[in-house]
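Q: Please take a close look at one small part of this protein chain. Then work outward from there and describe how the rest is put together.

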Amino acid sequence: MKRPMHLNLFIQSRGHHEASWRHPGSSRLPLTDIGYTIDLARKAEAALFDSIFLADVLGLWNDVEKTPFNWLEPITTLAALATTTSKIGLIATASTTYTEPYNLARQFSSLDHISNGRVGWNIVTTWSPQAGSNFGGIGQVGHADRYERAEEYMAVVKGLWDSWSDDAVLDDREGGRYADAARVKPINHTGTHYKVAGPLNLPRSPQGRPVLVQAGSSDSGRRFAARHAEAVFTAHLEKATAKQFYADLKSLVAEYARTPEDVVILPGFSPIIGSTEAEAKRYADELNALTDPEIGRQRLSLRFGGHDFSHLPLDRPLVPEDFPDPRDNDAARSRTEIFVGYVRTEKPTLRQLLAKLAGARGHFTFEGTPEQVADLMEDWIDDGAADGFNLMPPVLPEMLDIFISEVVPLLQRRGLFRTSYEGHTLRAHLKLSRPSSPGAL
Ligand SMILES: Cc1cc2nc3c(=O)[nH]c(=O)nc-3n(C[C@H](O)[C@H](O)[C@H](O)COP(=O)(O)O)c2cc1C
């Protein structure tokens with residue numbers, strides 16, 4: 001029996017392809033209709049996915065005229081999903097740069113209670129320049145500073161989650177004791193960026209702590225993940241870079257006294273599935289015909305923190321020197337490393353690069369039959385590139401429906417995916433241990 005894979009459904013807009021919102025296979029419901037998101041989460045749960053995930057960028061991207069890259073606020077959305085699903089894990093992004101740790105700790109603790117232990121936090125430091133301009137107090141924070149703040153942030157949040165031991169609540173009506181005060185402790189944190197007394201105003205949550213997910217893949221991001229993350233989202237345009245990332249992160253975790261199984265690595269995967277390869281390619285052509293390269297050019301600029309690419313012609317092969325050095329990029333550093341690496345190996349024109357990125361913003365895209373999709377997924381797992389996938393359907397719900405009806409049964413027949421849920425928490429689905437209660441501190 002092979003090692004079963006993990007599957008997360010990344011729900012975003014009407015699909016991950018830039019033009020999905022115009023495609024007949026995408027939903028016509030408003031993106032503000034909670035029924036749309038609930039329906040997708042329920043489909044993923046019926047198909048036994050480990051989790052769903054909602055991103056958050058804390059600002060409107062610069063292309064609202066041409067693409068709906070906006071959606072309901074993720075933490076409140078998770079609360080709605082927690083009461084309308086019962087088994088599937090629920091993961092949302094929240095920013096260490098632009099959220100107070102006390103608030104974040106209690107929101108995710110609350111969600112873990114509301115969902116009976118199914119919540120995960122995607123820890124991001126927020127790269128997008130828009131976020132900086134929306135949070136006037138602190139403004140935009142440089143790459144190194146963001147990760148440095150995030151370190152202190154984690155100490156505070158973990159301390160708050162652990163400020164109640166598992167057995168602190170007595171609820172003894174006859175004896176008149178609600179809690180054992182000796183098991184509820186302040187954290188008295190005073191650091192460079194935060195001063196938080198604690199304790200949290202909520203008992204310890206069902207999973208002990210919500211599952212910690214992370215999605216930054218630069219050098220600093222990897223070190224941060226190796227210290228804290230239990231699941232990692234990552235973007236790759238080629239299997240080769242996904243393999244390097246996988247090997248690097250799994251060996252880094254050992255430096256922090258953790259084992260490779262303590263971190264589940266989930267690269268993004270955006271398949272267009274057809275009953276024949278030609279049908280899948282036709283679908284991709286249909287989608288690509290609905291895109292506008294100028295949207296792609298603006299998005300590229302955003303990833304590089306606002307760099308001006310307006311002078312680049314669309315139809316000459318690119319060279320790495322056409323881009324600023326990603327190592328100096330304060331915005332989406334690892335994603336731009338992936339873009340420039342792809343330019344170095346594949347030498348696309350700007351038009352070709354933008355078409356590639358329109359599919360899933362730098363995640364792996366693929367067109368093929370259900371068998372080819374299952375083969376590819378099996379190969380990535382066997383070849384040490386992934387523990388599972390962050391599925392990013394290019395068009396929602398159509399490509400999710402096809403994945404569930406055509407690919408999931410193939411994976412199950414090959415012994416690569418569960419046929420029932422064995423537990424009811426996200427930790428159980430991901431085979432992660434529950435952090436031990438601090439006990440009497
Ligand atoms: C699947 C995935 C989801 C992400 N979701 C978010 C998000 O919701 N909000 C955000 O600000 N950044 C998000 N990111 C970006 C990363 O958190 C990170 O900020 C970015 O990769 C830059 O950091 P790095 O240079 O360390 O990689 C996501 C990345 C990946 C791969």
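**Lys-195 and its surroundings**

A: If neighbours within four places in sequence are set aside, Lys-195 is in contact with His-189 and Thr-190. This description rests on a predicted model. Lys-195 belongs to strand E8, which covers residues 195-196. The relative accessible area of Lys-195 is 71%, and a residue counts as exposed when that value is over 50%, so Lys-195 is exposed. Gly-15 is 180 residues from Lys-195 in sequence, and the two C-alpha atoms are 41 Å apart in space.

After E8 comes a loop that leads to strand E9 (211-214), and Pro-199 sits in that loop. The peptide bond between Gly-198 and Pro-199 is cis, with omega at about -5°. Another cis peptide bond runs from Leu-396 to Pro-397, where omega is near 10°. Pro-397 is also in a loop, this one between strand E13 (388-391) and helix H13 (398-413).

Gly-89 makes a useful contrast with Lys-195. Gly-89 is part of strand E3, residues 89-95. Its relative accessibility is 0%, and the cut-off for buried is under 20%, so Gly-89 counts as buried. Beyond its neighbours within four places in sequence, Gly-89 is in contact with Asp-50, Ser-51, Ile-52, Arg-118, Leu-426 and His-429. Gly-89 and Ala-105 are 16 residues apart in sequence, with 18 Å between their C-alpha atoms.

Ile-52, a contact of Gly-89, leads to the interior. The largest nonpolar core has 80 residues, and those that touch the most other members are Phe-49, Ile-52, Phe-108, Trp-121, Met-377, Phe-403 and Leu-411. Helix H5 (residues 143-161) gives this core its largest share, eight residues. Phe-403 shows how parts of the chain meet there: not counting residues up to four places away in sequence, it touches Leu-7, Phe-49, Pro-271, Ile-273, Val-373, Met-377, Leu-391, Val-408 and Leu-411. A separate core has 17 residues, among them Leu-237, Phe-304, Phe-339 and Leu-353. In soluble globular proteins, nonpolar side chains tend to be buried together.

Leu-353 is also one of the buried residues of helix H11. The others are Leu-350, Leu-354, Leu-357, Ala-358, Gly-359 and Ala-360. The cover over the buried residues of H11 includes E11, helix H9 (293-303), H10 and strand E12 (364-368). After H11 comes Arg-361, with a positive phi near 55°.

Helix H9 is itself mostly hidden: eight of its eleven residues are buried, so the rest of the structure largely encloses it. Those eight residues are Ile-295, Gly-296, Arg-297, Arg-299, Leu-300, Ser-301, Leu-302 and Arg-303. Among the elements that cover the buried residues of H9 are helix H4 (129-134), H10 and H11.

Some loop residues deserve a look as well. Lys-347 lies in the loop between helix H10 (333-346) and helix H11 (350-360). Its phi is near 50°, a positive value in a residue other than glycine. Lys-347 counts as exposed, at 53% relative accessibility. Ala-257 is in the loop between helix H7 (239-254) and strand E11 (264-273). Ala-257 is not a glycine either, and its phi is positive, near 55°. With a relative accessible area of 76%, Ala-257 is exposed.

These parts can now be placed in the whole chain. The protein chain has 14 helices and 13 strands. Its radius of gyration is 22 Å, close to the 22 Å given by the globule rule for 441 residues, so the chain is as compact as a globular protein of that length. The C-alpha trace spans about 75 × 50 × 45 Å along its principal axes. Of the 441 residues, 57% are buried. Among contacts between residues at least 6 apart in sequence, 78% join residues at least 24 apart. The chain exposes about 17800 Å², and 51% of that area is supplied by carbon and sulfur atoms. There are 48 positive and 56 negative side chains, and the centres of the two sets lie 2 Å apart.

Technical notes:
Residues numbered from 1 in each chain as written. Predicted model: local features only at pLDDT ≥ 70, side-chain atom pairs only at ≥ 80, totals over all residues. Heavy atoms only, no water. Helix = DSSP H or I, 4+ residues; strand = E, 2+ residues; numbered from the N terminus. Rg over C-alpha atoms; globule rule 2.2 N^0.38 Å. Buried < 20%, exposed > 50% of the residue type's maximum accessible area, 1.4 Å probe, protein only. Contact = heavy atoms within 4.5 Å. Areas by Shrake-Rupley, 256 points an atom, 1.4 Å probe, with all protein chains shown as cover. Lys, Arg positive; Asp, Glu negative; His and termini not counted. Charge placed at Lys NZ, Arg CZ, Asp CG, Glu CD. Core = buried A, V, L, I, M, F, W, Y, C linked by side-chain atoms within 4.5 Å.
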